[in-house]
Structures are given as structure tokens and as C-alpha cells.
Amino acid sequence: MATVRRNTLVVDFSVLPVKPNAADIEKFLRNNLEIEMASIKNLQCHTIRNCTFIEMRDIVAAERVASMHHLKHSMAAGGKKFNIPVYVEDAATNVRIHDLPPGMSNEVVAEHMKAYGKIKSVARELWKKFFPGIPNGVRVVRIELDKHIPSFMRIQGQLTAVSYKSQIPTCRKCGQTAHPKQKCSAAAAQQKKREEETMELPNVASVQQKQEATNSIHSVADNPEPDVTIDISTEQVAERSNKRQQRSNSHPVSSCEFNPPPQKKSTVEARDPADDDDEMETTECVDSDSDSGPDPDRGDVDGWILKFKKRSKRTAKFIAKLK
């Protein structure tokens, strides 16, 4: 179901202090607008808006009539004459600008207001009652809004109030959304807090992920895994020695395996108890290096290293005594 009026001309009688009757409307349309009845598709008198909608056959005819007769004709009411607006029904909004000086032209107002949308027309509003037919200082701007207009603005240094249907009220001092019974600073702080909370909502998931990662790092730091590069204990050395000895017993020693140094031979005097000639003879005996302990097995590398260390200490002590 269509809700938008198309090719519709609006004859706005709302500027009058009283509603005109059907006879006055017919007279105005025939004598002033000179519209051919054949070009009219529908004609409706709107009770609430106090205007007449004239649906034309095409948009070109409607725009031509509006350009020729907008605010060009008047109707009398209460002994005063009122210029009647004639325009094409569209998406434009009637914006009322208050408190401007009479000497400020409509062109200046239109130039300032074009920052908020496409300007259709600018007109001076007249008193309907008390002082019928006299301009009341309000400018009516028909504009296709591109963005909201604040409730207060300055035009050539003149502070003015702005009002229109579905307007979002704003504060005169700070320009933010109206905050009745609240200081501008408190309202600004509250608005900032709301914006921060709104920005944080989409990041809840990422914050939780970061927290979980941080907890994992702390858990690893508090419970570190055993270090595999720690020093080998004495029991492990003995176990390795036993394994090497078992391998050496089951397999022949290869050329790459450790060969122990040759045993040292020494000559000592030995006396035969049965010999009375005190004849000295030399015999070979094996030095067991009792100070450094018995010789380890051939395949026990760790054992030989330990023996060499002990032998080196014994040699150092012997040299020190000679000195």
C-alpha cells in the first residue's frame, strides 16, 4: 500500500488564523492558480494540516504551478491578507528559525542552512492571531535534511532557536544532546562513559582470550617442566658404566674405544730368604697405584678418568716433597 504522495501540489492554508471553507478554497484555486481540471487526478482537503493536496498527472505540471504561484497570492482573514504557500509535496521538512532580525535577508538564511540539506524555499511566517498578517520574525525553511539540525545556532553572529518535527533537542551551551536539570560537565562525563562502555562491548571476547593467555603463562612459570640439561648424577654415571661394560663383554673392542695406558714397570730389590750371598736380583712387578685405587675395566671410561685425576694429585704431592 502506497504511503508516499506523488506529483502532488500542496496549497498551504495553515498560515491563516482560521480554516477556509470549501467555497473559498474553490475560488482561490480557480481565480489564482488557474489549474485546468483535466490535469488534476485527485484533490483532497486535509483536515489536520489545514491544506489542500492536488495530485497532478505528472510532476512537471506540479513543479510548474508551484514555481509560478508560491507566495504570489493571498487570502483575507480577520481583515488581513496572508500570502499562501504553494509547493510540491516531497521529503522536505519545514524548519522554523526564530529570533532573527527583520533586516536579515532570506538569502543569508538559505546560505547558512544549505549545510544541512537541499533548500527548497525560505519564507517569513505571519501572525495568525493577535496581530494577523504581520510578520512574527520566524523564518520557515523547507529543506530536505541530510543531517540533524541543532536546537540553537548562530547566523551572522545572531543566536537563534531552531525547531522542526522529529528534531533531537540539544543543549544551548555545550551543543550536546539536551540534558535537563544536569550540568554540561556532568552530562559530558556521563556521555563519555557510555561511549567507552559501548566501545568495550565488542572487545569482551578478545579480553577474555588475553586473560586466558596470561593465566597460561603464569601457570607455566609457576610449574616449570624438568630441565633435561641438568648434571648427571653419580647413580646415572654408574649405570652408564655398567652398560658400557656389558657391551664390551658381548662385543670386541673397536679401534675407536678407549685404550687404557700401558702398565708401568719398575725394578725393586728382592731378597731370597734361602740365599745367603746377599745377591740382589731384579724382578718385574706391576704397579697397582694403590693410592689411586685398583684399575677399572678396559671399557669403563668414567672410571679411568677418575683414576687419572687421583694419580695426578699423588704426583703433585710427590713433586712437592722433592722440592
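A patch of positive charge on the surface brings together Lys309, Lys310, Lys313 and Lys317. The model described here is predicted. Within the patch, Lys310 belongs to helix α7, which covers residues 301–322. Lys310 is partly exposed, at a relative accessible area of 42%. That value fits the patch, because a patch residue must have over 30% relative accessible area and no salt bridge.

The overall fold gives the setting for this patch. The protein chain holds seven helices and 13 strands. Of its 323 residues, 26% are buried. Contacts were also sorted by sequence separation. Among those between residues at least 6 apart in sequence, 54% join residues at least 24 apart. The exposed surface of the protein chain comes to about 23500 Å². Carbon and sulfur atoms supply 53% of that surface.

A nonpolar patch also appears on the surface. Trp127, Phe130, Phe131 and Ile134 make this patch, with an area of about 450 Å². Trp127 sits in the loop between β8 (117–126) and β9 (135–145). Its relative accessible area is 32%, so Trp127 is partly exposed. The patch cut-off for relative accessible area is over 30%, so Trp127 at 32% meets that part of the rule.

The strands on either side of this loop also carry salt-bridge partners. Side chains of opposite charge can pair when their charged atoms come close. The count of salt bridges comes to seven. One of them joins the side chains of Asp90 and Lys120, with an N to O distance of 3.8 Å. This pair links distant parts of the chain, 30 residues apart. Asp90 lies in the loop between β6 (86–88) and β7 (93–97), whereas Lys120 lies in strand β8. Asp90 counts as partly exposed, at 27% relative accessibility. Lys120 also counts as partly exposed, at 37% relative accessibility.

Lys120 has a further partner in Glu144. Their side chains meet in a salt bridge at 3.2 Å, N to O. Glu144 is in strand β9 and Lys120 in strand β8, so this bridge ties together parts that are 24 residues apart in sequence. Glu144 is partly exposed, with 24% relative accessibility. Salt bridges with shared partners join Asp90, Lys120, Arg142 and Glu144 into one network. The N to O distance of 3.8 Å for Asp90 and Lys120 falls within the 4 Å limit, so the pair counts as a salt bridge.

Another salt bridge is formed by the side chains of Glu111 and Lys114, at 2.8 Å from N to O. Both partners are partly exposed: Glu111 has 49% relative accessibility, and Lys114 has 48%.

Backbone geometry draws attention to two loop residues. Gln156 has a phi near 50°, a positive value in a residue other than glycine. Gln156 is placed in the loop between β10 (152–155) and β11 (158–163). At 61% relative accessibility, this residue counts as exposed. Exposed means over 50% relative accessible area, so Gln156 at 61% falls in that class. Ser166 likewise has a positive phi, near 65°, and is a residue other than glycine. Its place is the loop between β11 and α4 (184–200). Ser166 is exposed, with a relative accessible area of 60%.

The loop between β11 and α4 also contains Arg172. Arg172 and Ala161 are eleven residues apart along the chain, and their C-alpha atoms are separated by 8.9 Å. When residues up to four places away in sequence are not counted, Arg172 touches Phe152 and Leu159. By the residue ranges given above, Phe152 falls in β10 (152–155), and Leu159 falls in β11 (158–163).

Terms used:
Residues are numbered from 1 along each chain as its sequence is written. This is a predicted model: local features need pLDDT of at least 70, side-chain atom pairs count only at pLDDT 80 or more; totals for chains, interfaces and linings use all residues. Side-chain values use heavy atoms; hydrogens and water are left out. Patches are made of residues with over 30% relative accessible area and no salt bridge: like charges are joined within 9 Å, nonpolar side chains (Val, Leu, Ile, Met, Phe, Trp, Tyr) within 5 Å. Accessible areas come from the Shrake-Rupley method with a 1.4 Å probe; for residues, only the protein chains shown count as cover. Lys and Arg count as positive and Asp and Glu as negative; His and the chain ends are not counted. The place of a charge is taken as NZ of Lys, CZ of Arg, CG of Asp or CD of Glu. Helices (H or I, at least four residues) and strands (E, at least two) are DSSP runs, numbered from the N terminus. Buried means under 20% relative accessible area, exposed over 50%, partly exposed in between (1.4 Å probe, protein chains only). Contact means heavy atoms within 4.5 Å.
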